[in-house]
Amino acid sequence: MTADSRVAVRRLWKQFLSSTTRKRHCLTMGSPPQAIHVFLLGRFEVARGGRVLRDSDWTRRKAAALFQRIALERRLTKDQAIEFLWSDADAASGANNLYRTLHALRQTLDTALGAHTANAALTFEDGIFTLGDSVWVDAREFQRLAHLQPFGGVYTERSRSAQGRLPTSHLPLPTSELQSALDLYTGDLLPDELYAEWTQVPRDALRRLFRETALTLVAHYREARDYARAIALLSRLVMRDRADEAAHRELMRAYALAGRRHDALRQYQIAREALAAELDAPPEPETAALYTQILNGELGAGSPPVSLPPAPIPIQIEDDIPIVARAREIETLRAQLDAARRGQGQTVLLAGDAGVGKTRLAFETLRIGAAAGMTTLIGAVYEQEGQMPYQPFIEAFDRYLAEQQRPAGENPITHFRRTGSGDPQQDHWALFKSVAAFLTSIRAPTILLIDDLHAADEATLRLFHYLARHTRAAPALLLAAYRPDAVVPARPFATLLNTLYRERLSQTITLLALPTDAVAPVLEPILGGQVDAELAAAVHEMTEGNPFFIREIARALLKGNQLEKDDGQWHLRRGDPRGRPTEGRPTEGRPMLPVPADLGGLVRERVARLGEGVEAALTAAAVIGREFDYETLRGVAVLPDPVVLDALDAALAGYLIEETESGYRFRHPLIRRALYDSLSRARRAHLHTRTAETVESISARRAAGVAPIVETLAHHYDLSDRRDRALDYLIQAGDKAAAIFAFEVAVGYFERALALMDALGLADHARRWKLLEKLGWWYNILADTPRAVARFEQAIALPPENGWQSPRRDRVRLHCGAAVALITAGHLDAVEAHLQTALQEVDEQEDAAEYSDLLYNVAQFRWHRGEYREAYDAAQSSLAVAERIAKPEAIARAFEMLALVCHSLGEWQTGIQYEQRRATLVGPALDVTDAFDTHL
């Protein structure tokens, strides 16, 4: 670029800046003042015009306290302010302190939120502080929408019966305003000021107001038979207050009316345990009577069960299982939650062996965060099942949207819109950006839990890493649980861990097994009483302190009648033949536990005691997957419907499975694995065939067909005795993964398809060609040059078969693909052979488009060899062919190549002209960076 050109560019840039400044000035002149938003519920923040002043940004705490109280009460006298902040000071000292604090308050507002914010926020005239008219306060808006007004510091409540039953008469309050009020209540008033005396009365009053508003809205929903929304609201209430018996009771009633009898009965157990733990009291007679009514079938739905959204995650925690010996970990997690709520994004990994309590601790973290007003999202990776890219994120977002009653179409993954660039990599990153934007757009601070992250596909792991980097300045906590024994060097998950550690993006909390003295607190809630030291020590020795193993062994001992209670303590039964020591030497005189040697045997024995029907049904379910539905199970198990239903009831009662929105789920993956591993290879393959055929048949009757579940069908058929039927589904699953830019997953499916063809002895060169070509292009995208070239060359080498022969132009295209991959990797010696062969194959007239592309690749090759004049000639030839066939993309690439070559030849002006011609032809929007991809 000449000196005159640079001067002209600088002049244009200054003109642009000047005009932009004028426009900005014109936009601000005469515009109304920006509103100020004050958030007191769940956090303390002041926002204006895109700027946010957080609690941690206040350097003077008394200034913050003064503004908080003015915001809440809207009016405060000078004397009240002095008494509030300096109750022991004399009048003169108090006044001086107040003026200094007011100055600090104004300075903080103006500095953080812009000039004149303080004047708009409050006035101080005639000894009275008054909140500005443009200030919106969430606590006061919450009161207004709830149709309750403060009076003398006490909030009036709507009438209810003494027993806390919801009114059934018509309530003329608009539900939309009540729901808006509840949406504003993201947490208690000023949670970081719990011990400030002045906040306690309004905080308690607002809590009562939230509860009363929620119960009123529940009454509306119940009358409208909208049980899904009623259940979501009531679940939120009992999550906030485990001892709210009226809310528990109404939740039981809503479940029963919705046709969810199991959930209704289970809710009673949750209520009973919560009341015992919190109040040391049994349920009220009305609650017990309602339980009996539901148990006897006297209260239930008059129509089939309605579709319910997933319950909030913390409700799903096994409340009967205490968290033991995890105080240090919980304190660490609380600190991470507090930092996330302040806008300092955190990523925390929970590491530990299977059953050590990672998920339980993660759920406790969700409960703590939810109680503080944070939004909880959860997804899980299911091991031993077909991999669907991004599945845990899709599950988490779908669940959140259902809870918020928002359209499923807002899921940023399943409904991602391509950028239109035509570049898969650009669309890939655009998808990741849309996920990060969705996560950070959630109004409240957010916790996202991904359980069993170690089993995730590579695309999911890449998205997790992206979010860990791009939520550092967002109010979000990424929480993931994984098993260290699943970390294999050189595998994607190990790479993710190393990357997170190297970039200092995460903190890892490793959970160890429980010590001996922590076993008794786990056993006692299960056994319903104290345990003696000998029993606790024996259980610890057998389980090595694994909480899941401890619980399973305790339940097995109880059901096997191998324990007895004496002097108020449980101990091993003496003199029982089953109580004799097993093979091995007792430790310090203690008897060996009379239980199976491994958990697999324990689980199988526990299932077998429930009967043959239960064993047959659950074994079939174990092949289906961690989650399964009734329709699929009855097709796979081949049992009469009454037997299947009885088996499910027995398994639910035995805590082997639990109900979900769409069916059932093994309570722990180890239960499923133990049953699955007990099958012979032939039996396992047969059941996989039945599973695939059943799922295929069910899906064929649905509008979407099998497209949403091709991964599942590929998984089951590949493990079945009909593996040939897996091939089409493996290819479909690969295409589906590639369509959403999960390239690593797509390659995995295509490689499995190739391996299956080899295992089955299928020649089918036409199909093999397509697979090899797909792998070549995707390995090229993933920068795996050796594999990309190998797959291209394998396809080219396929001989004719049964009338099939690879078309000449297809061979040319693959030679070019191999050449590009080799150029990118710098292996120039191998490039020339591919290009020479392609030139011999191509027909300049019939294959004009391919010929233009080939000449472009020749120009690339010559440029890399430093043969700039030859590169220029090849690019000119490519341009001539492209112009003859009027192919804009090829013309643009040729111009781009010519510009690059001219630069290398020192012909700057000519190069700029070529670049201008390219821009004139296709505009700046079209991405033609192929040349630079191979030159950098």
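**Close-up 1. Helices α27 and α28, side by side.** In this predicted model, α27 passes α28 in a left-handed crossing. Helix α27 covers residues 681–700 and helix α28 covers residues 710–718. Their axes are 8 Å apart, and the packing angle is about 155 degrees. Angles over 145 degrees count as roughly antiparallel, so that is the word for how α27 and α28 run relative to each other. Which residues make the contact? On the α27 side they are H688, T691, A692, E693, V695 and E696, and on the α28 side L713, H715, H716 and Y717.

**Close-up 2. Helices α31 and α32, another pair to look at.** Here we have helix α31 (residues 765–781) and helix α32 (residues 785–796). Their axes come within 8 Å of each other and cross at roughly 160 degrees. With the roughly antiparallel label starting over 145 degrees, α31 and α32 therefore get it too. The handedness of this crossing, with α31 passing α32, is left-handed. Plenty of side chains to find here: α31 brings W769, L772, E773, L775, G776, W777, Y779 and N780, and these meet R787, A788, R791, F792, Q794, A795 and I796 of α32.

**Close-up 3. Glutamate E773 in helix α31.** Zoom in on E773, which is part of helix α31. Is E773 buried or exposed? Its relative accessible area is 13%, and anything under 20% is called buried, so E773 is buried. What does E773 touch, once its neighbours within four places in sequence are set aside? The answer is F792, R813 and L814. One of these, F792, has already turned up among the α32 residues that meet α31.

**Close-up 4. Tyrosines Y268 and Y291, ring on ring.** The model has 28 aromatic pairs by the rule used here. One to look at is Y268 with Y291: the ring centres are 4.0 Å apart and the planes differ by 20 degrees, which makes the pair stacked, as planes under 30 degrees apart are. This pair joins distant parts of the chain, with Y268 in helix α11 (residues 261–279) and Y291 in helix α12 (residues 285–295), 23 residues apart. Y268 has a relative accessibility of 9%, so it counts as buried.

**Close-up 5. Tryptophan W429 and tyrosine Y466, a tilted pair.** The ring centres of W429 and Y466 are 5.8 Å apart, and the planes meet at 40 degrees, so this pair is tilted. Again, distant parts of the chain are linked: W429 belongs to helix α16 (residues 424–441) and Y466 to helix α17 (residues 458–470), with their positions 37 residues apart. How accessible is W429? W429 is partly exposed, at 41% relative accessible area. Y466, on the other hand, counts as buried at 5%. Step back a little and you'll find both rings in one aromatic cluster, made up of Y390, W429, F432 and Y466.

**Close-up 6. Arginines over tyrosine rings.** Two spots are worth a look here. At one of them, R869 lies over the face of Y872, 5.4 Å from the centre of the ring. At the other, R893 has its charged end over the ring of Y856, at 5.6 Å from the ring centre.

**Close-up 7. Glutamate E286 in helix α12.** E286 sits in helix α12, the helix that also holds Y291. Its relative accessibility is 21%, so E286 counts as partly exposed; the buried label needs a value under 20%. E286 and R249 are 37 residues apart along the chain, and 8.5 Å separates their C-alpha atoms.

**Close-up 8. Leucine L879 in helix α36.** Helix α36 spans residues 868–885, and L879 is one of its residues. At 5% relative accessible area, L879 is buried. Which residues is L879 in contact with, leaving aside neighbours within four places in sequence? They are I891, A894, F895 and L898. For L898, which is 19 residues away along the chain, the C-alpha to C-alpha separation from L879 is 9.1 Å.

**Overview. The whole protein, for orientation.** The protein has 936 residues, and 50% of them count as buried. Its secondary structure comes to 39 helices and 20 strands. Of the contacts with a separation of 6 or more, 68% are between residues 24 or more positions apart.

Note on methods
Residues numbered from 1 in each chain as written. Predicted model: local features only at pLDDT ≥ 70, side-chain atom pairs only at ≥ 80, totals over all residues. Heavy atoms only, no water. Phe/Tyr/Trp six-rings, centres within 6.5 Å; stacked < 30°, edge-to-face > 60°. Helix = DSSP H or I, 4+ residues; strand = E, 2+ residues; numbered from the N terminus. Buried < 20%, exposed > 50% of the residue type's maximum accessible area, 1.4 Å probe, protein only. Lys NZ or Arg CZ within 6 Å of the ring centre and 35° of its normal. Axes fitted to C-alpha atoms, helices over the stretch in contact; angles between N-to-C directions. Parallel < 35°, antiparallel > 145°, perpendicular 65-115°, else oblique. Left-handed = near helix turned anticlockwise from the far one by under 90°. Contact = heavy atoms within 4.5 Å.
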